[in-house]
Amino acid sequence: MEFGWSTDQKELRAAVIEFAQNELSAGSRDDDSTGSFPRDKWEKCGAFGIQGLHMPEQYSGSPARDLVTSLYAMDALGYACADNGLTFALNAQMWTVQLPILLFGSEYQKERFLPAMCRGEFIGAHAVTEEHAGSDVYSMHTRAVRCDGGYRLTGRKCYVTCAPIANLALVFAITDPEKGKWGLSVFIVETNSDGCERGPVVEKMGLRTAPFGDLILTDCFVPESNRLGPEGAGLTVSSNALEYERCCILVSQLGAMERQLEQSIEYAKTREQFGRPIGKFQAVSHRLVDMKLRLETSRLLLYQAAWRKQQGENASLDSALVKLHLSESFVASGLDSIRTMGGLGYTSVAEIERSLRDAIGGVLYAGTNDIQRNNAARAMGIR
Amino acid sequence: MRIEKQSIEQLILDFISSELADGTTPAPQDDLLTSGLVDSMGMMWLIQHLEDEFDTAVPPLDVTIENFGTVGAIAAYMSRRLTNSASGVSSQ
C-alpha cells in the first residue's frame, strides 16, 4: 500500500496552486454577490489545461492524466481557488459531460465537442433532472421521437448546472416508452438549435457563480449523429456517469476544506481572548481536530474510490460513501469554521460564510444523501 | 471456456432471488426491469456479479434490452460471450 504522491504529481499540484492563486481568486466575493459566472476565469482554466486534465492528447493537446492524478490536481484547484462555484462547474463538465462523451461517444462527437470544451471555448451541461423526476430519475417525461435524419426532443430539464450558459447539453430522453428504463437514450443537444431554449439563471443559496437553470426543448431537432451511444443506452450511460459523478464531483471541495481548516487554525492561533489565543481553549482546539478528521477521512475515501475506478473495479459503494461523507463533512466543517471565527466568520468580508452556503448543495446534487445511504445499505447487503 | 447456458441461468436466478428480489424467483422470460423485479442499481450489481463470477468484463454498451431484458437473454448473452471470448470473437 502506497499513500505517497510522485514528484510529477507534486509538481502538478504546485503548478495548479500557483495558477489558481494568481489567476482565479481575485473578485470571487463580488462574483458571488452578483451571481456572476466568471467566464474569463473559465477560459484561463482551459488555457492552463484544467478541463483537459483527464482527456487524451488528441482532444486536449496534452497527455491525459490518470484519474487519481487528475483528481489530485482538482483537489489543488479547490484549495487555491476561492471560488467554489467555478470549481464545481468545472468538475460538473469534466466528469458528467466530457467523460461520458469520451467513453460512449463516436469519433465525430469526440472531435467536435471535446477539444472546444478542453480549451474552455464550449461549456457543457448534464441535463437529466426534471420537475417530477429527481431522485426517481427514470420517471422522466422528456421524449425523443424519431424523424427523418434524427429525433425531435420535447421536455423541460431543471436544476441543470451551467444550463443558462451552455453551448451543449447531454439530454436524457425517452425514445421508447414501452421499454421502460430500457427505452432511455442520450443526446448531445447544441443549445443554439431551433427549439432549444436556455432558461434564466435561477438564484440559489450557494455556488452562485455556477449558474443553473432550466433547459426547455420544444420539438427540437437533434441529428442522429448527436445521439450518444445506441438507442436505449441511457440506462448504461446514466449509471456509469452517476458513479463517476459521485466519486469525482466534490473533489475540489476537499481542497476548499483544507483551505478552510488552515484559515481556522491561523485564526485560533492569533485571536486572543481572556489573555491567550483562543486555540488554547479545548472547546476550540477540539473543534479544529474534528475538522481535520473530516478532511482526512474524506480524502482517504475519495482517493480509494478513485483508485478502485482506475483499476476497473466496482466502486459503487465507495462512490456513495465519498459523496455522502465529503458533502456532510464540508457542511459540518463550514459551520465549525464560523463558530471558530465568531462574528468575523459570520460576515461576508472574511469569505468564510460563503463556503458554508456553497457546501449545502452538496447534500442534494449528484443524488441526495438520503439516496446515497440507500445505495450504500444495499451494497452492504441490507435491503 | 464452455459453460452451459442452463447453469448460467440458474446462477442468475439464484442471485436475483437471494440478493435482489427478496426471495422471489422470476421465470426465465420475465422482463426484469420493466416488471420492477430488479431496479437499475440491481441490474448493475447483477452485471458485476456475472463479471466476478466468470472473470470477464461486460462492455457497457452491451447492456441492452436484447442482452439483459430477461434471465434467459442474459444467460444466452453470457454463454455467447464466454464461448466467443475463448475463441477470440466479439459476443455482439
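**Notebook: chains A and B**

I started with A:Gln260, which, neighbours within four places in sequence aside, is in contact with A:Met291, A:Phe330, A:Ser333, A:Gly334, A:Ser337 and A:Ser355. I took contact as heavy atoms within 4.5 Å.

I noted the ground rules next: this is a predicted model, in which local features need pLDDT of at least 70, side-chain atom pairs count only at pLDDT 80 or more, and totals for chains, interfaces and linings use all residues. Residues are numbered from 1 along each chain as its sequence is written, chains are lettered from A and ligands numbered from 1 in the order in which they are written, and side-chain values use heavy atoms, with hydrogens and water left out.

**Helix α9 of chain A**

I placed A:Gln260 in helix α9 of chain A. For helices and strands I used DSSP runs, numbered from the N terminus: H or I with at least four residues for a helix, E with at least two for a strand. A:Gln260 counts as buried because its relative accessibility is 2%. The cut-offs are under 20% relative accessible area for buried, over 50% for exposed, and partly exposed in between, with a 1.4 Å probe and protein chains only. I also looked up A:Ala20, which is 240 residues from A:Gln260 along the chain; their C-alpha atoms are separated by 16 Å.

Helix α9, residues 251-270, also holds A:Glu258. I asked myself whether A:Glu258 is buried or exposed. A:Glu258 is buried, since its relative accessible area is 16%. Its contacts, again without the neighbours within four places in sequence, are A:Arg13, A:Tyr79, A:Leu295 and A:Arg299.

**Helix α1 of chain A**

I then went to A:Gln21, in helix α1 (residues 7-23) of chain A. A:Gln21 is partly exposed, because its relative accessible area is 48%. A:Cys81 lies 60 residues away along the chain, yet the C-alpha atoms of A:Gln21 and A:Cys81 are separated by 6.2 Å.

**Strands of chain A**

I traced the pairing of β2 and β3 next. Strand β2 (residues 143-147) pairs with β3(A) in the antiparallel sense over five bridges. I counted two strands as paired if DSSP finds at least two bridges between them. In this pair, A:Arg146 has A:Tyr151 in β3(A) as its bridge partner. β2(A) and β3(A) form a hairpin with two residues between them, and A:Gly149 in the turn has a positive phi of about 85 degrees.

I found two positive phi values in residues other than glycine. One belongs to A:Tyr159, with phi near 55 degrees. A:Tyr159 is in strand β3 (residues 150-161) of chain A and counts as exposed because its relative accessibility is 56%. The other belongs to A:Cys162, with phi near 70 degrees. A:Cys162 sits in the loop between β3 and β4 (168-174) of chain A, and at 1% relative accessibility A:Cys162 counts as buried.

I asked how many residues of β4(A) are buried. The count is seven of its seven residues. In a regular strand the side chains alternate between the two faces of the sheet. I therefore listed the faces of β4(A) separately: A:Leu168, A:Leu170, A:Phe172 and A:Ile174 are on one side and A:Ala169, A:Val171 and A:Ala173 on the other, all buried.

I looked up the partners of β4(A) as well. Strand β1 (residues 124-127) runs parallel to β4(A) and is joined to it by four bridges; here A:His126 stands opposite A:Leu170. Strand β5 (residues 184-190) pairs with β4(A) in the antiparallel sense over seven bridges, and A:Ala169 stands opposite A:Val189 in β5(A).

**Chain B**

I turned to chain B last. Its secondary structure comes to four helices and zero strands, in the order α-α-α-α along the sequence. The C-alpha atoms of chain B fill a box of roughly 35 × 25 × 20 Å along the principal axes. I checked the radius of gyration, taken over C-alpha atoms, against the globule rule of 2.2 Å times the number of residues to the power 0.38. With 92 residues, a compact globule would have a value near 12 Å, and chain B agrees because it has 12 Å.

I noted that 49% of the 92 residues of chain B count as buried. Among its contacts between residues at least 6 apart in sequence, 56% join residues at least 24 apart.
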